[in-house]
Amino acid sequence: MIAPDWFRDDRLPHIYCTGCGNGTVINCTLAAVEEMGWKRNETVFISGIGCSSRAPGYILTDSLHTTHGRALAFATGVKMARPDLHVVVFTGDGDLAAIGGNHFIHACRRNVDMTVVCMNNHIYGMTGGQGSPTTPPGAISTTTPYGMSEPAFDLAELAVAAGANYVARWTSYHVKELTKAVAAGMQTPGLAFIEVRTQCPTNYGRHNKLRRVSEMIEHLRSHAMLVAKRDRLVAEGKPIPEGAFTVGELVRRSRPAMGVRP
Amino acid sequence: MSRTEFMQGNAACAEGALAAGCRFFGGYPITPSTEIAEAMARKLPKAGGVFISMEDELASIAAVIGAAWTGARAMTATSGPGFSLMMENIGYAVMTETPCVVVNIQRGGPSTGQPTRAAQGDMLQCRFGSHGDYSTIALTPNSVQEMFDLTAKAFDLADRYRVPTFVMSDEIVGHMRERVTIPDAVEIERPRPLAEGALPFEGGDDGTPGFAPFGSGRSIHVTGLTHDERGYPDTTDPEAHDRLVRRLVAKVESARRDIADYEVVNPDAETVFVTYGPPSRTVEQVMRDRPDDSIGHLRLRVVWPFPEFALKIFPNAKVFLMPELNMGQMVREVQRHVDQPVVSIPKIGGELHTPAELVRALEAHR
Ligand SMILES: Cc1ncc(C[n+]2csc(CCOP(=O)(O)OP(=O)(O)O)c2C)c(N)n1
Ligand code: SF4
């Protein structure tokens, strides 16, 4: 149970649509913060622009709601100047992988000591549902009316390749696992990247035959495959089912990190 | 005890920053500003500060703003193309009232233009380059000594008015070598702290809120969205936007007399040169060569907010002459404020006006 004093309740009601997955991710992240025993005045939340990036505005700590795509660069400045502060970044798939792609790979390469939680709803939510770099091939959006024709980024694999010390992926269905993963990321020195596949009923589900929130969550659940299972299928030479994506911990390692608390 | 050294303008800029207590530098190399980053890379770690080479200029200014919110004095240095890339986040720094320093060692543009030649082509970009209405502060050194002095001063102004502050220098001053006196210590004015019970974005008497850096327990939400005095987004109320943006502009504009910094020669003169940056050096040469009380000189060390009242110091002025290393950027600002004719003496291509060129202009217009 998250202590109510982490919420900025004089800012309520929030702007999220009914059934949006972002609230779940905020809850899980705050549960992890509580598990870590972090103090409010030692914790800073940072974000870019998008529905997901509005999250810090609802949390009662110092917080920086920055420009679109640049959250990780701002966070790098905060963390390098004050390594004793805990830095948590909320971002979206568009914010992180499109406009912020360069900052993303370089923050992972530097392995700056922070926790990055990406709410990947496969769409530009805030601007009304345009295709993003994670929109699956074939999916309908306002800018892919004939179906997405570009391949999608695998954000978690990208973070692994770029050098982050901790990388995990879960969905808004996997509340307990997600909370644990965020806490594990917070414990790991260096950059922790947690991708959360989450539902945007308003701008994604509506166009892609997933009208009801429960359908979207069920879709996430049924297409998520544990890393161990995927590895077993690969080892056995068996096919990976269409549309499946891996969940679980993709990497936990101790490469040299920057901005580690003194 | 101060020390005297012979050094390059860009090195003096780094020294000025260090003397002012700069403890964070985020940058990306670009000619002709790079020596500033190189000096900071050598010196900041020894001073207990952080140097970081970011992936581009958007990241550099972003990291500087992040560092500034932890209470560190923070700066970046760049040149035209990099300055253009910074514009969105400069607007963010204005909107969030983040004190930080941006040094622009100007070069010839547009685009990659002339990387190794001097220009003053970004004077309007530093004032108007970001979107929306705002006001800001820009300093224009004309010597290596002033690169030291004005860089140090930029940090104080940034803190005092909580606004990104620009040192608008150029390749000539950045790369020239002169004698500089470096004081043992410079006096440092930090921002006033956020008073107990005060709202974090409440202007108070002079329009500038107190500052509570991250980690001080005030739980401040900082956003580039239009916000109320608590810092909470309020993006659709016309009054909230009007109140905030007018305050951001007024806190700087209403202090223009306090911020102003200029030099006056021969206030009774009839023909008056108005300069900033290195063209002033040529004017000084002309005036040394031919002492003449009818020639005056107003040299600006601060160009924004524009000190229009300084033009009134020359009551007998019949004409103002304005040599600039651009096609006439600041000349418009002078024209706006005087009834006399204002003559632009533009020069582009990378070289300073020669004394002969200015004498010719002088003869033609008096
Ligand atoms: C420089 C810039 N370009 C474009 C925008 C417009 N914009 C605002 S939010 C957004 C997309 C956000 O998508 P995502 O990061 O996936 O977040 P979501 O809203 O889906 O949570 C865009 C393009 C902007 N604010 N700034
Ligand atoms: S548009 Fe999508 S992501 Fe944004 S609040 Fe609504 S459901 Fe959530």
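Buried here means under 20% relative accessible area, a cut-off worth keeping in mind for the close-ups of this predicted model.

**View 1. Strand β15 of chain B is largely enclosed by the rest of the structure.** Strand β15(B) spans residues 319-324, and because 6 of its 6 residues are buried, the rest of the structure largely encloses this strand. Look at either face and you will find cover. On one side sit V319(B), L321(B) and P323(B), and on the other F320(B), M322(B) and E324(B), all of them buried.

**View 2. Strand β15(B) has a parallel neighbour in β12(B).** Strand β12 of chain B, residues 271-276, is joined to β15(B) by 3 bridges. To find your place along the pair, start at T271(B), which stands opposite V319(B) of β15(B). Then move on to F273(B), whose bridge partner in β15(B) is L321(B).

**View 3. Strand β15(B) also runs parallel to β16(B).** Here 5 bridges connect β15(B) with β16(B), which covers residues 342-346. A handy landmark is F320(B), placed opposite V342(B) in β16(B). Helix α11 of chain B, residues 331-337, joins these two strands in a β-α-β unit, and the unit is right-handed.

**View 4. Five strands of chain B make an open, mixed sheet.** Reading across, the order is β11-β13-β12-β15-β16. The edges belong to β11(B), residues 262-265, and β16(B), each of which pairs on one side only. From one strand to the next, the twist averages 20°. Helix α10 of chain B, residues 279-289, packs on this sheet and touches β11(B), β12(B), β13(B) and β15(B). The direction of α10(B) makes about 155° with that of β13(B), the strand of residues 295-300.

**View 5. Helix α2 of chain A is mostly covered.** Turning to chain A, we meet helix α2(A), residues 71-81, where 10 of the 11 residues are buried. Among the buried residues are L72(A), F74(A), V78(A) and M80(A). Do not overlook T76(A) and K79(A), which are buried too.

**View 6. Residues of chain A surround ligand 2.** Several cysteines appear around the ligand: C17(A), C20(A), C51(A) and C200(A). Y16(A), N121(A), P201(A), T202(A) and N203(A) complete the surroundings. By type, this shell divides into 6 nonpolar and 3 polar residues, with no charged residue.

Notes:
Residues are numbered from 1 along each chain as its sequence is written. Chains are lettered from A and ligands numbered from 1 in the order in which they are written. This is a predicted model: local features need pLDDT of at least 70, side-chain atom pairs count only at pLDDT 80 or more; totals for chains, interfaces and linings use all residues. Side-chain values use heavy atoms; hydrogens and water are left out. A residue is near a molecule or strand if one of its heavy atoms lies within 4 Å of it. Ala, Val, Leu, Ile, Met, Phe, Trp, Tyr, Cys and Pro count as nonpolar, Asp, Glu, Lys and Arg as charged, and the others, Gly among them, as polar. Buried means under 20% relative accessible area, exposed over 50%, partly exposed in between (1.4 Å probe, protein chains only). Helices (H or I, at least four residues) and strands (E, at least two) are DSSP runs, numbered from the N terminus. Two strands pair if DSSP finds at least two bridges between them. A crossover is right-handed if, with the strands pointing away from the viewer, the path from the first strand over the helix to the second runs clockwise. Axes are lines fitted to C-alpha atoms, for helices over the stretch in contact, and angles run from 0 to 180 degrees between N-to-C directions. Contact means heavy atoms within 4.5 Å.
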